[in-house]
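I opened this one to get a feel for the fold and then check a couple of buried polar side chains. Notes are in the order I looked things up.

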Amino acid sequence: MSGEYDDLKRRMDGAIAAFKHDLASLRTGRASSNLLDAIQVQAYGTTMPINQVANVSVPEPRMISVSVWDKAMVGAVDRAIRESNLGFNPIVDGTNLRIPLPELNEQRRKELVKISHGYAENARVAARHVRRDGMDFLKKAEKDGDISEDDQRKRSDQVQKLTDETISTIDHLLSDKEAEIMQV
């Protein structure tokens with residue numbers, strides 16, 4: 001069971017890591033190269049992350065710079081950035097795109113909080129799926145006679161505790177991000 005518990009822990013940590021990645025892609029008023037991580041570009045007949053076709057940097061606190069490696073890809077990168085729901089309007093300058101970050105208005109801040117709540121709910125659901133898999137494994141192990149009923153209860157409590165800790169971490173990260181978004 002130790003290996004199974006480690007696997008559950010790893011999967012729950014994965015849900016938290018994915019949630020952190022989602023939160024990092026939300027714009028809070030300060031430029032960050034992570035803001036463009038979620039953008040996928042149509043390139044060479046496939047879809048790939050923006051960081052596989054360009055360098056993303058932050059030369060100023062309110063500016064993101066995207067340096068596209070292949071001149072033929074500039075239009076695709078520009079289109080991908082504009083079509084993302086981030087509200088960016090890149091300025092194309094040769095193979096470079098400059099993206100000024102406007103101040104966030106109250107309505108956009110509230111939208112971002114809503115989006116972050118959606119990300120949090122997805123992470124909680126992922127944690128609950130991992131919990132369900134762990135509980136199913138324990139019930140099957142008890143049914144097959146691999147563990148006793150007492151062991152099954154004890155281990156179920158451990159899985160539930162792990163789930164509670166994971167959801168608590170997600171909630172804490174969400175409240176921190178919410179405060180960061182609403183800070184003027």
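Below are my entries, going from the whole chain down to single residues.

**Entry 1, the model.** I'm working from a predicted model. I keep that in mind for everything below.

**Entry 2, elements.** I counted four helices and six strands in the chain. Reading from the N terminus, I get the order α-β-β-β-β-α-β-β-α-α.

**Entry 3, overall shape.** I looked up the radius of gyration and got 21 Å, whereas a compact globule of 184 residues would come out near 16 Å. The box along the principal axes that holds the C-alpha atoms is roughly 70 × 40 × 20 Å. I also checked burial: 36% of the 184 residues count as buried. Among contacts with a separation of 6 or more, 63% join residues 24 or more positions apart.

**Entry 4, surface and charge.** About 10300 Å² of the chain is exposed, and carbon and sulfur atoms supply 48% of that. I tallied 27 positive and 30 negative side chains, with the centres of the two sets 4 Å apart.

**Entry 5, helix 4.** This one covers residues 149-182, so to speak a 34-residue stretch, and its first and last C-alpha atoms are 49 Å apart, close to the 50 Å expected at 1.5 Å a residue. Its buried residues include Val 159, Leu 162, Ile 167, Ile 170 and Leu 174, but also Gln 152, Ser 156 and Lys 177.

**Entry 6, Thr 166.** I picked Thr 166 from helix 4. Is Thr 166 buried or exposed? It counts as buried because its relative accessible area is 3%, and the cut-off is under 20%. Setting aside neighbours within four places in sequence, I find Thr 166 in contact with Met 12, Ile 16 and Ala 127.

**Entry 7, helix 2.** I moved on to residues 74-83, where Val 74, Ala 76, Val 77, Asp 78, Ala 80 and Ile 81 are buried. What do the buried residues of helix 2 pack against? I noted strand 1 (40-43), strand 4 (63-68), strand 5 (91-93) and strand 6 (96-100).

**Entry 8, Asp 78.** The residue I wanted to check in helix 2 was Asp 78. Its relative accessible area is 15%, so Asp 78 falls under the 20% limit and counts as buried. Leaving out neighbours within four places in sequence, Asp 78 is in contact with Pro 90, Val 92 and Leu 97. I also took the C-alpha to C-alpha distance from Asp 78 to Val 66: 9.5 Å, with the two residues twelve apart in sequence.

Definitions and conventions
Residues are numbered from 1 along each chain as its sequence is written. This is a predicted model: local features need pLDDT of at least 70, side-chain atom pairs count only at pLDDT 80 or more; totals for chains, interfaces and linings use all residues. Side-chain values use heavy atoms; hydrogens and water are left out. Helices (H or I, at least four residues) and strands (E, at least two) are DSSP runs, numbered from the N terminus. The radius of gyration is taken over C-alpha atoms; the globule rule is 2.2 Å times the number of residues to the power 0.38. Buried means under 20% relative accessible area, exposed over 50%, partly exposed in between (1.4 Å probe, protein chains only). Contact means heavy atoms within 4.5 Å. Accessible areas come from the Shrake-Rupley method with a 1.4 Å probe; for residues, only the protein chains shown count as cover. Lys and Arg count as positive and Asp and Glu as negative; His and the chain ends are not counted. The place of a charge is taken as NZ of Lys, CZ of Arg, CG of Asp or CD of Glu. The expected span of a helix is 1.5 Å times one less than its number of residues.
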